[in-house]
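Reader: Could you walk me through one part of this structure in detail? I'd like to look at the spot where the ligand sits and what surrounds it.

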Amino acid sequence: MNRDLSEPTPIRQQPALEKKGLTSAQAERLLASYGENRLKSGKKVKALPIFVSQFRDALVMILLISTAASIFMGELVEAISIAVIVLANAIMGFIQEFKTEKTLETLKQMSAPMAKVYRNGELVRLETEKLVPGDVIEIEAGDRIPADAILLESVSLQTDESVLTGESVPVHKQENSSATLENKLNQPYLVYMGTTVTKGHGKAQIISTGMSTQMGKIAHMLSEIKEDLTPLQNKLNELGKLIGIGCLAVSAIVAVAGLLRGEPLMQMIITGVSLAVAAVPEGLPAIVTISLALAVKRMIRRKALIRKLHAVETLGCTGVICSDKTGTLTENKMTVQQLITFNQSVEISHDNQFIEQGVPIKPTSNPTYKRILEICVLCNNAQLQHSHQKGKSGWKAVGEPTETALLLAAAKAGITSESLKTEYVRMEEIPFDSTRKCMSVIVKDKAGREWIFTKGAYDVILEKSSRIQQGNTAAMITPADKKRLEQQNNKMAGSGMRVLGFAYAPVSGTPQEKNLIFLGLSGMMDPPRKEAKQAVITCRKAGVKTVMITGDHKLTACAIAKQIGIYQKGDLCLTGRELEKMSDQDLDHVVQKVTVFARVSPSHKLKIVRSLKRKGNVIAMTGDGVNDAPAIKEANIGVSMGITGSDVTKQAADVILLDDNFSTLVAAIEEGRVIYQNIRKFIRYLLSCNIGEVLTMFAGMLMGMPVPLLPMQILLVNLVTDGLPAISLGLDPAEKDVMKQRPRHPEESIFAHGLVYTIIFRGVLIGLTTLTVFITMFRMTLSVDAARTGAFFTLVLTQLIHVFECKSETKSIFSIPLFNNMKLVGSVLISAIIVLLAIYLPQCNLLFRTVPLSGIQLLLCFGISMVVPICNAIFLAVKKSFHKKDMLIATPEQAE
Ligand code: ATP
């Protein structure tokens with residue numbers, strides 16, 4: 001099918017069409033001249049606009065304007081100190097936002113798909129960006145086409161070109177030997193970047209990449225993927241506005257009260273605005289975003305790639321995981337262990353011998369074994385390659401694991417596509433898909449006769465067969481034959497093997513997958529992943545149910561599910577057939593008890609997800625095939641496989657498991673829970689601190705005292721307590737019992753379990769502590785400056801102590817590990833140093849109107865600040881001992 005390349009008029013100079021593709025050196029040269037294969041539509045994260053946006057806040061602007069005005073009134077020092085703090089705040093905000101944006105940008109790049117391409121004659125997986133014109137690629141159902149390419153070969157190929165044409169009907173694609181290389185839309189022999197393969201497979205040579213593709217031409221019209229706010233961020237935004245209004249009102253009252261008491265107008269405006277700047281929690285949603293982004297980064301380290309930020313939140317609510325079996329719960333390393341025919345059975349040993357009744361045999365001398373092995377090779381799209389590992393040479397197969405296993409089994413008997421080259425020519429293929437559960441090829445033998453060779457799920461093949469091979473003849477299948485085959489299947493499947501059936505028939509007329517001659521069975525083993533069992537136990541303790549959904553036979557599925565611990569006594573196992581017969585109500589009735597769904601097709605998955613959802617479960621559903629996409633979209637958390645997953649599934653998914661491993665999903669759920677706990681921690685911290693700050697100023701004014709804190713002092717308190725410590729709290733490691741609690745309800749408020757009261761109560765105590773110090777110091781020294789310095793120091797100190805209290809909702813500061821988050825310790829130290837500098841550095845005394853505190857005064861601040869944590873510890877200890885007593889007198893049911 002090689003084309004003459006002198007004839008066409010390509011858009012760009014094209015390298016020669018060559019089925020084997022390019023060498024690495026050629027590709028490198030072409031990459032240098034054509035550039036990377038990507039669309040230049042994505043907006044880059046730029047530093048300057050992010051920095052400028054830090055000053056766009058209305059409150060900050062009012063503050064800066066009023067500060068500028070105060071310069072004219074001679075308050076130069078105050079103006080400078082406020083400006084310095086506002087700048088420092090902006091720099092910090094900038095660093096946080098820039099880092100978050102960069103992290104999100106890297107994430108988008110990481111989820112970029114890979115392509116299967118021939119380099120140096122070998123099929124390899126490569127980032128699509130590295131593709132160049134001339135590269136030969138393999139495409140199959142579920143793939144997103146990486147560049148515009150001309151077809152060299154195709155089998156039942158169909159693509160969805162709706163992204164380019166708006167037309168969602170799949171388009172049939174086929175190679176055309178007289179086609180030109182001109183890149184035009186709507187050509188049946190061209191496949192286009194960004195479109196997806198809906199059926200079949202093929203081989204194509206790239207003709208345009210990047211912006212020269214058809215997609216590139218309309219790239220500017222493509223909207224950027226917008227990262228929507230997560231439900232939590234939305235809620236916090238609303239809440240922030242509400243609290244903001246409250247704070248503004250209090251700030252206004254403080255300012256007015258000051259004015260009424262005769263304080264200077266400008267001074268009170270600045271005080272009011274500074275208080276508002278410090279107290280309005282406008283940074284809360286931003287910190288949530290940063291924490292979520294950092295959680296996403298941590299998840300990548302654990303091999304889970306989050307595609308949508310909201311998934312991080314929802315992961316923590318997951319109550320049911322519906323997991324594929326093959327490759328996710330098992331290793332996806334299949335090996336054929338047994339072949340069974342009408343009256344014979346052979347085992348394939350570890351040392352590649354075929355053993356029949358304890359005696360090694362040559363399988364090719366038995367015509368039925370031989371035919372089965374020939375089907376293994378011919379009805380197969382995997383490829384066999386020579387491998388040289390650790391000085392040993394052998395075979396390595398690339399492709400779908402079921403097929404590679406069959407290819408390797410045949411190779412062990414000396415049958416390969418190379419050895420069959422002179423025997424058969426492959427004419428046509430009826431591809432495998434998960435709904436049909438079988439695959440056929442039409443081949444022509446040396447004598448010119450055509451045959452259909454079929455392999456697939458044992459029951460499916462048996463249904464399509466009317467006769468059975470018995471030595472050299474084919475006899476009608478009797479009920480006794482069926483019974484015997486069923487027993488053999490049950491025996492293999494019952495030990496966890498995947499059983500395939502093989503059949504063939506001569507072709508006369510249109511080839512059809514019916515009236516076939518049944519040849520026999522193969523049993524292949526795919527061992528469960530070692531870590532899966534532990535992950536299932538972790539899930540059970542965490543109140544998360546694991547459900548296996550597989551295309552495999554009921555017995556195979558149950559055997560593996562039992563080994564992993566998913567299927568337990570009393571659980572139900574349903575098959576696709578049974579599912580079909582059930583109404584939605586019937587299914588809803590039993591669905592909570594089912595732990596294995598076997599012999600299902602992708603369409604059944606949707607029915608299962610919907611039923612589980614109706615029962616109020618939050619579901620994470622895994623999938624890999626193109627047909628899994630609807631169920632993945634429907635699930636609360638759609639999970640795609642990173643290695644075996646099709647591009648379409650990956651695009652529909654919220655999470656991609658980079659190693660296809662079930663335990664990775666469980667790790668992601670744990671991270672989801674941890675981040676939610678951490679978000680609760682810093683919300684608790686930030687809000688109680690803000691209440692403390694507002695209350696200090698408000699109550700101080702109400703009590704008719706001088707303003708407890710000056711504007712720049714308030715701003716400095718805000719700078720050292722709000723930023724770094726809060727973000728560091730978001731990085732707190734998992735608490736020990738995080739996977740021992742039930743999943744939280746998705747509708748549960750972030751303030752559930754009494755958090756609101758904790759926040760208000762602690763906030764009031766922070767305010768009272770500060771005021772106590774202010775009043776005591778004022779009485780002791782009769783100096784407002786000293787009293788303010790004491791209040792300033794105490795306000796920061798109580799908050800820095802409180803940040804550690806926020807690490808746990810149930811333990812006191814004396815019983816939680818203080819040093820398991822060194823970032824928090826570090827940021828608290830930095831804040832403490834800044835505060836001490838503000839008090840003891842003469843230049844800072846001038847700027848912040850502070851005075852150095854004596855040892856006794858420092859001790860006084862520290863002592864008063866510790867009163868609340870000590871009382872809290874005593875309170876918690878008493879509560880715990882009461883709780884223990886309650887447990888002792890409770891009946892066994894209550895205790896449970
Ligand atoms: P799981 O859903 O657990 O991941 P799976 O995705 O491998 O399993 P399917 O691919 O839907 O399940 O396969 C369903 C059945 O089809 C298998 O049990 C097997 O009998 C048969 N089968 C799988 N692969 C092939 C193939 N390449 N050719 C023919 N039949 C196959």
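Author: Here's a tour of the ligand's surroundings, with a quick stop at the cysteines afterwards. Keep in mind that this is a predicted model.

Let's start with who's there. The ligand has 20 residues around it, and the ones that come nearest are Thr326, Glu403, Arg498, Thr550 and Asp552. Sorted by character, that shell holds nine charged residues, six polar ones and five nonpolar ones.

Where do they come from? Domain 3 (302-331 + 529-667) and domain 4 (337-525) each give the shell at least three residues. As for individual elements, helix H12 (401-412), strand S18 (450-457) and strand S21 (498-506) each chip in at least two.

Now zoom in on some atoms. Glu403 has a polar side-chain atom 3.0 Å from one of the ligand's nitrogen atoms. Over at Asp552, an N or O atom of the side chain sits 2.8 Å from a ligand oxygen. Arg599 also has a polar side-chain atom by a ligand oxygen, at 3.4 Å. On its own the ligand would expose 610 Å², and the protein buries 93% of that.

Last stop, the cysteines. Searching the whole structure turns up zero disulfides. Cys806, for instance, isn't in one: its nearest cysteine sulfur belongs to Cys689 and is 6.9 Å away, while a disulfide needs the two sulfurs within 2.5 Å. Cys806 is buried, at a relative accessible area of 1%. Cys871 can't pair up either, because its closest cysteine sulfur, in Cys806, is 17 Å off, too far for a bond. With a relative accessible area of 44%, Cys871 counts as partly exposed.

Terms used. Residues are numbered from 1 along each chain as its sequence is written. This is a predicted model: local features need pLDDT of at least 70, side-chain atom pairs count only at pLDDT 80 or more; totals for chains, interfaces and linings use all residues. Side-chain values use heavy atoms; hydrogens and water are left out. A residue is near a molecule or strand if one of its heavy atoms lies within 4 Å of it. A polar contact is a pair of N or O atoms within 3.5 Å; within protein, one must be able to donate a hydrogen and the other to accept it, and residues adjacent in sequence count only if both atoms are side-chain atoms. Accessible areas come from the Shrake-Rupley method with a 1.4 Å probe; for residues, only the protein chains shown count as cover. Helices (H or I, at least four residues) and strands (E, at least two) are DSSP runs, numbered from the N terminus. Ala, Val, Leu, Ile, Met, Phe, Trp, Tyr, Cys and Pro count as nonpolar, Asp, Glu, Lys and Arg as charged, and the others, Gly among them, as polar. Domain bounds come from an automatic or database domain assignment. Buried means under 20% relative accessible area, exposed over 50%, partly exposed in between (1.4 Å probe, protein chains only).
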